[in-house]
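User: Could you take a close look at how the helices pack against one another in this model, and then walk me through the pocket and the backbone features that go with that picture? I would like one connected account that I can follow with the structure open.

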Amino acid sequence: MDQLPIFFNVNNRCVAVLGGGIAAARKAELAMRAGAQVKVFAAQLCEEFGEIKESEQFRFVPREPLAQDLDGCALLYCASENIEQNRKVHAIAQEVRIPCNVVDMPELCDFTMPSIVDRSPVVIAISTAGTSPILGRMIKARLETLLPAAYGRVAAFVGRYRKKVGSSLESFHQRRRFWERILEGPVVDLVLAGHQAEAIAEFDAQLDAAASGAEHRQQGEVYLVGAGPGDPDLLTFKALRLMQRADVVLYDRLIGKGILNLVRRDAERIYVGKLPQEHTVPQSEISRMLLRLAQEGKRVLRLKGGDPFVFGRGGEEIELLAEAGIPFQVVPGITAASGCAAYAGIPLTHRDHAQTCIFVTGHSKDGQIDLDWKVLLQPRQTVAVYMGLEHLAGLMRSFIGKGAAPSLPVALIDNGTRPNQQVLTATLDTIAEKAAKAGVKGPAILIIGSVVRLREKLDWYVPEEQAHEAAPAAAPAAE
């Protein structure tokens, strides 16, 4: 370890900052967030100081600091754009024994500033001892995806109950086991979901049970989570958290291995996928299964491709739960139309092409495609058709037969957002033949409208494992 990691309390203490540029503004703002009284020494301040200079915590001194100015300061940031000025003021700080940080000059730093993941009161600091701030920021970005912003509420909630738990549970072993159950159980889920009253009631019930020696039976719950169209990077923070909490997961065929591997490894996995005309598990049975597992006290993850409330039958699955009084959470996912179109370089709306977008399903009932053609066939509109691959030829004939121009552009996006994504562009009268020749198997979505023409300009997606084949050699990174 090259440096001692500490968290420095500067609340209501003075922090001095040299410089009036962007770097100085960032240091001043950070110190003020930690409760410091900040004095900024500079000839003038840039626009980045914005509202912070109006704060009662802020004081502007339009000159260089003298030794007496630093008397009583907790620390000093030298963030001037003039290197010699930084060196000069750093020397003053050494004379008066004030810890000093000089921006971009680690050899002059008594301390370095880490990259910060702020979930106050939970704060994570990542330091590379000044050797590579960019690497520190990259590590921070990864940690940001693992810690929901609401974790600060969890820490604050726990902090309010520490004394109560200490007086209720005498032994250290009891307290440790109790906090493990709390932090791994439904109380945290309720706090993160914003259900404060329910969290308090559950917490009190578990504390009473622990204090009396009785075992508190955990209430089951269902998580209805939208997994997006395929790329694991499109999952929400909340989806990832619940995927790691579940005892059992019910998933369908649209869930790729990249996403399923993010589920807690010891969770039971139950495949309930469906293929067109080949329902592995009837929808009614899936709903009953969710209810039964939750009634057994399990945390049940129902993982669905796209968004569970956009042609995902999510409403049907939670209807039975609501009637039975089983708690559930619904986590939206990026729906296929949005995610696949974006990865294909096709905006669903555009000022020059489409002011509206409509989502429909291409599923047929009794062999007949039943759509509201009057609504669909409107000018300056994009139509996204889900589950239309099975009846693609008939669907395209219906569009043309109801009055759409045969030359209307169509994009068929197969396995959108995934490494094996392929995009076929054609017209209403040619897309079915093109899809048949390409052997498209799906999952696939259709985008119909003049916005499809924009793909030639806006397509950007290259699967990561193919990037080295498609991209030119990268220029050396600037130091």
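Analyst: What follows goes through three helix pairs, then a pocket, and then some details of the backbone. Please keep in mind throughout that this is a predicted model.

Two packed helices are described by the angle between their axes and the distance between the axes. I begin with helix H14, residues 392–401, and helix H15, residues 431–438, whose axes lie 9 Å apart and make an angle of about 165 degrees. Angles over 145 degrees count as roughly antiparallel, and H14 and H15 are therefore roughly antiparallel to each other. The crossing of H14 past H15 is right-handed. On the H14 side the contact is made by Leu-392, Ala-393 and Met-396, which meet Ile-431, Ala-432 and Ala-435 of H15. By class, this contact of H14 with H15 has 6 nonpolar residues, with no polar and no charged ones.

The second pair is helix H5, residues 172–183, with helix H7, residues 196–212; their axes come within 11 Å and cross at roughly 150 degrees. H5 and H7 are therefore also roughly antiparallel to each other, and their crossing is right-handed. From H5, the residues Gln-174, Phe-178, Trp-179, Arg-181 and Ile-182 meet Phe-203, Gln-206, Leu-207 and Ala-210 of H7. The contact of H5 with H7 divides into 6 nonpolar, 2 polar and 1 charged residues.

The third pair is set at another kind of angle: the axes of helix H10, residues 283–295, and helix H11, residues 314–324, cross at roughly 40 degrees and come within 9 Å. H10 and H11 are therefore oblique to each other, and here too the crossing is right-handed. H10 brings Gln-283, Ile-286, Ser-287, Arg-288, Leu-290 and Leu-291 to the contact, where they meet Glu-316, Glu-317, Leu-320, Leu-321 and Ala-324 of H11. The residues of this contact of H10 with H11 are 6 nonpolar, 2 polar and 3 charged.

Turning to the pocket, the second largest pocket holds about 1000 Å³ of space. It is lined by 31 residues, and those closest to its centre are Ile-6, Phe-7, Phe-8, Met-113 and Pro-114. Helix H1 (22–33) and the strands E4 (73–78), E6 (115–119) and E7 (122–126) each supply at least two residues of the lining of this pocket. By class, the lining of the second largest pocket has 22 nonpolar, 5 polar and 4 charged residues.

Two of those strands lead on to the backbone, since the loop between E6 and E7 contains Pro-121. Ser-120 and Pro-121 are joined by a cis peptide bond, with omega about 5 degrees. Another cis peptide bond joins Gly-442 and Pro-443, again with omega about 5 degrees. Pro-443 leads back to the helix pair described at the start, as its place is in the loop between H15 and strand E19 (444–448). A further backbone detail belongs to Asn-12, a residue other than glycine whose phi is positive, near 60 degrees. Asn-12 is found in the segment before strand E1 (14–18). As background to these details, most residues other than glycine have a negative phi, and most peptide bonds are trans.

Methods:
Residues numbered from 1 in each chain as written. Predicted model: local features only at pLDDT ≥ 70, side-chain atom pairs only at ≥ 80, totals over all residues. Heavy atoms only, no water. 1 Å grid on protein atoms, 1.4 Å probe; cavity = no way out; pocket = protein on both sides within 12 Å on 5 of 7 lines; lining within 4 Å. Points joined across faces, edges and corners; volume = space filled by probe spheres on them. Helix = DSSP H or I, 4+ residues; strand = E, 2+ residues; numbered from the N terminus. Nonpolar A, V, L, I, M, F, W, Y, C, P; charged D, E, K, R; others polar. Axes fitted to C-alpha atoms, helices over the stretch in contact; angles between N-to-C directions. Parallel < 35°, antiparallel > 145°, perpendicular 65-115°, else oblique. Left-handed = near helix turned anticlockwise from the far one by under 90°. Contact = heavy atoms within 4.5 Å.
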